[in-house]
Amino acid sequence: MLRQFTKYRELPPVWKNTAFIAVVLAGYLFIWLKPHCGTIDLCLFKRITGIACPGCGGIRTTKALMAMDPVSALQMNPLSVITNLFIILLVILACYGIIGKRDMLSGVFNKRWNKLSIAIVFLLIGCQWIWNIYRGI
């Protein structure tokens with residue numbers, strides 16, 4: 001049955017929304033079950049340059065949020081808290097899309113972002129990067 005669809009855009013909306021939710025849940029399950037890495041540094045950018053990237057601490061932040069500890073999550077990586085909230089919003093939209101049998105996510109992903117939105121995102125990433133370098137993680 002999947003062979004009749006050659007592109008993602010041709011899939012029925014329920015399948016798109018379900019696939020998105022499955023991928024997100026798999027990612028969160030991986031983070032939940034992932035053992036502590038100790039001294040292993042997963043960040044390729046940090047391994048090469050010795051400088052923490054804006055995403056460093058994101059897995060620890062997500063684990064803290066899963067453990068209902070928002071204060072330490074905000075201290076570790078505030079940008080990851082925002083990212084997790086955005087992902088939760090997208091999952092809610094996908095659930096609504098499954099119920100209504102509509103493609104709710106294409107509007108979010110195919111939207112043309114205005115210059116202000118892009119500037120805010122880059123400003124947040126820059127602030128997070130400075131925060132990670134300042135903390136020396």
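Visitor: Where is the place of Lys 101 in the chain?
Guide: This is a predicted model. In it, helix α5 covers residues 78–100 and helix α6 covers residues 106–109. Lys 101 therefore has its place in the loop between α5 and α6.

Visitor: What is the phi of Lys 101, and is the residue buried or exposed?
Guide: Lys 101 is a residue other than glycine, and its phi has a positive value, near 55°. A residue counts as exposed when its relative accessible area is over 50%. Because Lys 101 has a relative accessibility of 63%, the residue counts as exposed.

Visitor: Which loop holds Met 68, and what is the phi of this residue?
Guide: Met 68 is found in the loop between α3 (58–66) and α4 (70–76). Met 68 is a residue other than glycine, and its phi is positive, with a value near 60°.

Visitor: Is Met 68 buried or exposed?
Guide: The cut-off for an exposed residue is over 50% relative accessible area. The relative accessibility of Met 68 is 71%, so Met 68 counts as exposed.

Visitor: How many helices and strands does the chain have?
Guide: From the N terminus on, the elements run α-α-α-α-α-α-α. The secondary structure therefore comes to zero strands and seven helices.

Visitor: What span should helix α7 have, and how far apart are its end C-alpha atoms?
Guide: Helix α7 consists of 21 residues, from 115 to 135. The expected span is 1.5 Å times one less than the number of residues, so α7 should span 30 Å. The end C-alpha atoms agree with this value, being separated by 30 Å.

Visitor: Which residue just after α7 takes a positive phi?
Guide: Helix α7 comprises residues 115–135. Just after α7, a positive phi of about 70° is taken by Gly 136.

Visitor: Where is Val 121, and is this residue buried, partly exposed or exposed?
Guide: Val 121 has its place in helix α7. Partly exposed residues lie between the buried limit of under 20% and the exposed limit of over 50%. With a relative accessibility of 45%, Val 121 therefore counts as partly exposed.

Visitor: What separates the C-alpha atoms of Val 121 and Leu 79?
Guide: Along the chain, Val 121 and Leu 79 are 42 residues apart. In space, the separation of their C-alpha atoms is 9.8 Å.

Visitor: What share of the exposed area of the chain do carbon and sulfur atoms supply?
Guide: The chain has 137 residues, and buried residues make up 26% of them. The area that the chain exposes is about 10,000 Å². Of this area, the share from carbon and sulfur atoms is 72%.

Methods:
Residues are numbered from 1 along each chain as its sequence is written. This is a predicted model: local features need pLDDT of at least 70, side-chain atom pairs count only at pLDDT 80 or more; totals for chains, interfaces and linings use all residues. Side-chain values use heavy atoms; hydrogens and water are left out. Helices (H or I, at least four residues) and strands (E, at least two) are DSSP runs, numbered from the N terminus. Buried means under 20% relative accessible area, exposed over 50%, partly exposed in between (1.4 Å probe, protein chains only). Accessible areas come from the Shrake-Rupley method with a 1.4 Å probe; for residues, only the protein chains shown count as cover.
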